[in-house]
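Here are a few exercises to work through with the model open beside you. Try each task before you read the solution under it.

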Amino acid sequence: MQTLCPQLYTYLDRDRKRIQITLLLGLLVPAIVYLVWIHKTLSCAAMDPAFLAKLQSHQASIGEFIQFLCDATNSVWLSGILKFLTLFAVITSMIGVAIGLLHSLRMLCPEWLAKVVLCLVPLVVNWFVANAFLRILSFGGLMMIIFAIVTPYWCVRKQNLKDPKRQYSLCLLLGVTVTVFEVIRIILP
């Protein structure tokens, strides 16, 4: 979001309404997909305690996880959709980050080299480092909590409002909770 928002702002001709709709859809679609994914994971893993233990100990690769979910659907059609959504998530994440970083890299090197670097580096890292994409995504999510929740909350509190809205406090509590769990996950193997 941090690298993509300025590009999005320019691309949508600074039209506030279009930007709001784009951001809403951009956040809503992944949220729905991830909620369905989490629900399916927990319901399927409950039937296979051995795989659930493997997931909890971070020993299952993303490929094994996707295959587990595909097998649990008992449907070729749903299995295909799940594989497509996974591939789509990886590709769109790479494209989103690349678009945001392209502007900065253009100042350091020729545009064609910047595009090659932005395409090849994620592919090579993901190919050679197990679960690299998930680790980077997890860390990026942690950073986004700071940029999207903690910093705005701090700015609102800086304005010396006597009664900040409950939503702000609830968002801060949620952000701190996610941050604590993520830090625990990173520290503990």
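A helix here is a DSSP run of H or I at least four residues long, and helices are numbered from the N terminus. Ser 79, for instance, lies in helix α5. Keep in mind that this is a predicted model.

**Exercise 1. Get your bearings: how many helices and strands does the chain have?**

Step 1. Go through the secondary structure: you'll find 8 helices and 0 strands.

Step 2. Read the elements off from the N terminus, and the order is α-α-α-α-α-α-α-α.

Step 3. Now look at burial. Of the 189 residues in the chain, 19% are buried.

Step 4. Finish with the contacts. Take those between residues at least 6 apart in sequence: 49% of them join residues at least 24 apart.

**Exercise 2. Which residues make up the largest nonpolar core, and which element gives the most to it?**

Step 1. List the members. The largest nonpolar core has 10 residues, and they are Trp 37, Cys 44, Phe 51, Ala 60, Phe 65, Ile 66, Phe 68, Leu 69, Cys 70 and Leu 82.

Step 2. Sort them by element. Two or more residues of this core come from each of α2 and α4 (62–73).

Step 3. Pick the top contributor: α4, with 5 residues.

Step 4. Zoom in on Trp 37. Skipping neighbours within four places in sequence, Trp 37 touches Ile 62, Phe 65, Ile 66, Leu 69 and Thr 86.

Step 5. Don't stop at one core. There's a second, separate core of 5 residues, with Ala 98, Leu 102, Cys 109 and Leu 118 among them.

**Exercise 3. Are α3 and α4 roughly parallel or antiparallel to each other?**

Step 1. Two packed helices are described by the angle between their axes and the distance between the axes. For α3 and α4, the angle is about 150° and the axes are 12 Å apart.

Step 2. Apply the cut-off: angles over 145 degrees count as roughly antiparallel. That is why α3 and α4 come out as roughly antiparallel.

Step 3. Add the handedness, which is left-handed for this crossing of α3 and α4.

Step 4. Name the residues that meet. From α3 (49–56) you have Phe 51, Lys 54 and Leu 55, and from α4 there are Glu 64, Phe 65 and Phe 68. By class, this contact of α3 with α4 has 4 nonpolar, no polar and 2 charged residues.

**Exercise 4. Describe how α5 and α6 cross, and say which residues meet.**

Step 1. Start with the geometry. Helix α5 (residues 76–106) and helix α6 (residues 111–128) have axes that come within 9 Å and cross at roughly 145°.

Step 2. Get the hand: α5 passes α6 in a right-handed crossing.

Step 3. Walk along the contact. On the α5 side sit Met 94, Ala 98, Leu 101, Leu 102, Leu 105 and Arg 106, and they meet Glu 111, Ala 114, Lys 115, Leu 118, Cys 119, Pro 122 and Leu 123 in α6. The classes split into 10 nonpolar, no polar and 3 charged.

**Exercise 5. Ser 79 and Gln 67: buried, partly exposed or exposed?**

Step 1. The relative accessible area of Ser 79 is 13%, so Ser 79 is buried, the cut-off being under 20%.

Step 2. Check the surroundings of Ser 79. Outside its neighbours within four places in sequence, Ser 79 is in contact with Cys 70 and Thr 73.

Step 3. Move to Gln 67, which is found in helix α4. Its relative accessibility is 35%, so Gln 67 counts as partly exposed.

Step 4. Place Gln 67 in space: the C-alpha atoms of Gln 67 and Leu 82 are 9.4 Å apart, with their positions 15 residues apart in sequence.

**Exercise 6. What is the phi of Asp 13 and of Arg 14, and where are these residues found?**

Step 1. Recall the background: most residues other than glycine have a negative phi.

Step 2. Read the values. Asp 13 has a positive phi of about 55°, and Arg 14 has a positive phi of about 60°. Neither Asp 13 nor Arg 14 is a glycine.

Step 3. Locate them. Asp 13 is in the loop between α1 (4–11) and α2, and Arg 14 is found in the loop between α1 and α2 too.

Step 4. Check exposure. Asp 13 is exposed at 58% relative accessible area, and Arg 14 counts as exposed at 54%.

Terms used: Residues numbered from 1 in each chain as written. Predicted model: local features only at pLDDT ≥ 70, side-chain atom pairs only at ≥ 80, totals over all residues. Heavy atoms only, no water. Core = buried A, V, L, I, M, F, W, Y, C linked by side-chain atoms within 4.5 Å. Buried < 20%, exposed > 50% of the residue type's maximum accessible area, 1.4 Å probe, protein only. Contact = heavy atoms within 4.5 Å. Axes fitted to C-alpha atoms, helices over the stretch in contact; angles between N-to-C directions. Parallel < 35°, antiparallel > 145°, perpendicular 65-115°, else oblique. Left-handed = near helix turned anticlockwise from the far one by under 90°. Nonpolar A, V, L, I, M, F, W, Y, C, P; charged D, E, K, R; others polar.
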